[in-house]
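Visitor: I'm new to looking at protein structures. Could you walk me through how two chains meet?
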Number of protein chains: 2
Amino acid sequence: MNLIKVRTTSISNILHKLTYRYASSQALVTDLKAIAGNENVSNSASVREQHGHDESYHAGHEPDVVVFAQSTDHVSQIVKYCASKHIPIIPWGTGTGLEGTDKLGFTYFLLNCIFFHIGGVTAPKGGVCLNLSRMDKIISVNPEDFDCTVQAGVTRNALNTFIRDTGLQFPIDPGANASLGGMCATSASGTMAVKYGTMRENVMNLEVVLADGSIIKTSGLKGRSRKTSAGYNLTNLFVGQEGTLGIITEATLKLHATPEAVLAAVAPFKDFQSAVDATVAIMQSGLPVARIEFLDEKMVDACNRFSKLSLDVLPTLFLEFHGSNNNIEMQGQLAEETCKSFECLKFNYETETDKRADLWKARHNAIYAAQALRPGSKAYSTDVCVPISALPGMITFAKDALKRLNLLGPIVGHVGDGNFHVFLIIDPKNAEEVERVHEYSIALAKESLRVNGTVTGEHGVGIGKKQLLIEEFGPAGINTMKAIKQALDPLNILNPDKVI
Amino acid sequence: MNLIKVRTTSISNILHKLTYRYASSQALVTDLKAIAGNENVSNSASVREQHGHDESYHAGHEPDVVVFAQSTDHVSQIVKYCASKHIPIIPWGTGTGLEGTDKLGFTYFLLNCIFFHIGGVTAPKGGVCLNLSRMDKIISVNPEDFDCTVQAGVTRNALNTFIRDTGLQFPIDPGANASLGGMCATSASGTMAVKYGTMRENVMNLEVVLADGSIIKTSGLKGRSRKTSAGYNLTNLFVGQEGTLGIITEATLKLHATPEAVLAAVAPFKDFQSAVDATVAIMQSGLPVARIEFLDEKMVDACNRFSKLSLDVLPTLFLEFHGSNNNIEMQGQLAEETCKSFECLKFNYETETDKRADLWKARHNAIYAAQALRPGSKAYSTDVCVPISALPGMITFAKDALKRLNLLGPIVGHVGDGNFHVFLIIDPKNAEEVERVHEYSIALAKESLRVNGTVTGEHGVGIGKKQLLIEEFGPAGINTMKAIKQALDPLNILNPDKVI
């Protein structure tokens with residue numbers, strides 16, 4: 001099986017499953033304008049191109065029509081209409097990555113999406129791309145309860161700007177300025193997850209439009225309590241469902257106190273094994289590190305070039321600590337001592353806000369830095385996540401496999417979670433190289449499963465990892481997911497053919 | 001609607017839904033012995049009585065047969081057999097409360113269970129109580145990854161004893177020595193949730209036997225990674241499903257470092273409002289308190305009598321801090337300063353391990369202390385949970401309603417979570433008083449919903465709160481839960497008629 005074969009299969013699957021019941025794209029546009037208003041529906045070439053275009057190495061496939069929803073009621077009516085005609089619907093967040101997937105997952109995710117688009121938004125008889133970016137109201141902020149409720153199109157930067165004066169922050173940081181609805185749908189994660197958790201731990205309630213157009217709140221109609229045992233945990237069923245079970249229109253999110261003090265540090269190591277061993281030791285010590293990111297020497301070199309840094313070209317940890325003025329230095333010292341016991345060559349503190357921001361900006365731009373190593377290339381990101389004790393072996397495996405398959409792949413990762421990415425730099429026109437990338441990706445995922453890890457720590461399944469998901473869960477587990485999908489979306493109109 | 005009416009309804013519902021296909025209880029016993037072995041199946045009067053008996057004020061209803069499962073394979077075969085004959089199955093943990101519900105939830109939970117038993121285990125044509133307490137193997141402990149995997153019947157005390165030398169603990173503490181499988185099924189919580197979260201945040205993977213006897217792992221066949229985006233979040237669908245979607249046979253759990261230093265404190269206040277206001281202020285300050293429990297003056301009085309303490313009979317906070325030798329005193333001081341700014345009369349530290357244990361034992365025995373206030377009585381515990389800012393108003397409402405309805409109800413609660421319990425002390429033979437208790441419970445739940453809370457913070461829904469669950473979620477939300485139940489248990493044999 002190679003990537004091209006997956007693509008072919010997905011077309012035929014979807015054509016087989018879906019029967020469209022409208023006469024033409026123009027009829028669809030007319031009907032949708034009646035629901036959502038003329039100004040919110042577009043089938044212009046440029047808008048369709050924008051919503052079909054991506055950064056992967058496959059040509060874009062455009063939706064027949066793009067609807068800019070203004071309200072939950074819009075979404076509900078559009079879904080009811082699409083359900084009545086069996087038209088597939090793809091939710092769209094900010095376009096920083098479909099549904100707000102993080103920049104790190106961007107390319108990989110879009111690789112999946114492009115396959116999906118063939119049958120989803122851009123199947124021969126069309127489909128609806130539901131753009132939620134105009135649903136951008138911050139509905140309420142409750143500083144005394146450390147929570148807020150936002151519409152799906154609010155971006156994380158917009159929220160953090162809005163609440164700046166409250167002393168609170170929403171720390172989940174996938175890099176891109178993703179929409180919060182998209183971050184919920186994809187269970188976004190990123191560099192801060194090691195301290196603050198992923199979206200799974202930070203979503204308190206969701207408003208979701210189901211496949212029949214009905215509207216639910218996943219944790220009660222007005223629920224904002226910190227815990228509940230009321231019925232099934234629908235909230236965490238809809239976090240990470242990648243738009244296949246419902247369309248998230250609002251989210252109630254946990255906020256966290258902005259730390260009194262922040263300290264960052266850059267620690268280059270003699271070799272990658274020492275850097276990873278130091279990470280494991282720091283995590284096992286229970287030190288509440290806020291960020292701990294690993295970059296191998298190739299990645300550091302790429303960041304130096306792309307982001308105009310002058311870091312030592314060595315395997316490196318970027319660290320950040322959040323705390324009080326009283327304890328922040330102690331946190332740094334403990335980490336420094338641990339790192340130095342693992343052949344860390346320097347431990348440079350960075351206290352200035354601007355320089356710290358530059359560091360994390362460079363980290364967030366790592367995938368672009370990687371692509372820039374080879375003009376005309378695209379990056380394909382792996383996403384395994386393993387128990388922390390298996391991390392050194394896993395990265396060794398990843399490095400050895402790069403050599404064996406003769407591939408260029410800088411490595412970067414949220415190593416505190418046991419999660420890392422190899423950015424495989426591909427010439428998308430070279431079919432033989434694409435085949436080697438695929439072989440690499442499969443080998444890494446299988447090794448992750450062997451050591452009790454997962455095939456995807458934060459990027460999700462899409463279509464590309466459906467076969468691996470079966471290996472991870474076995475037939476009975478997959479059938480359970482299928483039963484839930486069938487129960488909640490019996491017509492298979494929501495992101496059909498994805499995840500399962 | 002009163003409690004008796006609910007009971008009648010539930011009988012007729014279940015009779016309507018279930019059709020038994022076996023000739024007699026004896027045939028059932030014979031068949032089950034062939035599956036599980038003679039020594040693991042009992043329909044003796046004493047065993048049935050033990051599994052039908054509870055502490056509520058209704059007469060017990062016994063199952064036809066009790067099976068002591070020895071393995072997941074046993075459970076799977078028994079479920080397959082029961083599915084083929086449409087026989088209901090009730091999983092049973094340690095009997096500290098069905099499925100390991102906490103002591104605080106004990107009586108309330110059993111009130112639900114007794115209604116359930118009428119149609120579940122003890123319907124006219126019988127049913128199977130599946131006792132998992134003999135599945136008590138600790139399968140693996142991975143100290144380097146802060147996780148372990150246990151069979152469902154392992155109790156939390158057995159686990160903590162087993163791992164004592166690793167420097168790790170499993171801190172979720174519902175009071176009773178519940179089975180971990182039961183704690184997963186009911187999403188147990190308790191006094192430590194304010195720092196360590198509930199079961200929802202501490203379960204990494206579950207082995208579950210589904211209603212057709214198939215066996216799944218909810219987070220991958222061998223998954224132990226700290227985060228994953230692989231498919232739907234089945235783990236958190238099965239945590240808290242109260243045995244209605246599947247039978248939990250194994251659990252992979254997060255472990256936490258045993259704190260280097262522990263400090264407890266007892267703080268009596270001039271009035272309950274000050275104690276609650278201090279709690280709100282402590283939580284809003286971000287202080288990482290490990291336990292913060294409120295007891296009103298009636299509760300303190302009851303604990304003094306029952307547990308031979310000599311606390312001031314005043315509204316009181318029990319606090320506990322976990323940290324390093326470096327920071328533990330600072331945590332205590334910050335809490336003390338906050339409390340004293342809210343008319344706290346004393347702030348007595350308790351550093352001795354034994355005395356601290358006595359304090360928490362008294363707290364865990366609070367419901368028995370409450371019952372002892374009135375000989376022959378039973379306690380019915382409410383369980384609302386509200387956003388922290390709504391807590392003072394909510395407790396005021398609870399106190400006023402006690403006066404209005406002329407009820408005795410000491411109040412105790414995990415106030416750091418916004419969760420508290422009124423232990424309504426009832427003469428179960430007094431129908432008019434039972435009616436007032438019911439009125440009280442409904443009024444409190446509705447007020448909780450009004451202020452964005454939940455009708456149940458940790459005890460679950462059972463049958464008693466099904467109507468309130470509909471108010472909390474609305475018809476569309478309930479229909480979503482029903483669709484999931486229908487998809488995973490189409491014959492409705494797993495704890496039928498419960499939750500939804």
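Guide: Sure! Let's start with a term: a salt bridge is a side-chain nitrogen of Lys or Arg within 4 Å of a carboxyl oxygen of Asp or Glu. Keep in mind that this is a predicted model. Between chain B and chain A, the count is 4 salt bridges.

Visitor: What makes Lys227(A) and Glu458(B) a salt bridge?

Guide: Their closest N and O atoms are 2.9 Å apart. The cut-off is 4 Å, so the pair qualifies as a salt bridge.

Visitor: Why is the relation of chain B to chain A called a two-fold axis?

Guide: A turn of 180°, with a shift of 0.0 Å along the axis, lays chain B on chain A with an RMSD of 0.0 Å. That is the relation of a two-fold axis. The same surface serves both copies, too: 100% of the contact residues of chain B recur in chain A.

Visitor: How many residues does the contact take from chain B and chain A?

Guide: It takes 78 residues from chain B and 78 residues from chain A. About 5900 Å² is buried between the two chains, and carbon and sulfur atoms give 59% of that area. On the chain B side, Lys227(B), Ser229(B) and Tyr232(B) lose the most area to chain A, together 16% of what that side buries.

Visitor: And how many residue pairs are in polar contact across the interface?

Guide: The rule finds 32 such pairs between chain B and chain A, both residues being at pLDDT 80 or more. As for where the touching side of chain B comes from, helix 18 of chain B gives the largest share, 14 residues. By class, that side has 29 nonpolar, 34 polar and 15 charged residues.

Definitions and conventions. Residues numbered from 1 in each chain as written. Chains lettered and ligands numbered in written order. Predicted model: local features only at pLDDT ≥ 70, side-chain atom pairs only at ≥ 80, totals over all residues. Heavy atoms only, no water. Least-squares fit on C-alpha atoms with pLDDT ≥ 70 in both. Contact = heavy atoms within 4.5 Å. Buried area = accessible area lost by both parts, 1.4 Å probe. Polar contact = N/O pair within 3.5 Å; in protein donor to acceptor, adjacent residues only side chain to side chain. Helix = DSSP H or I, 4+ residues; strand = E, 2+ residues; numbered from the N terminus. Nonpolar A, V, L, I, M, F, W, Y, C, P; charged D, E, K, R; others polar.
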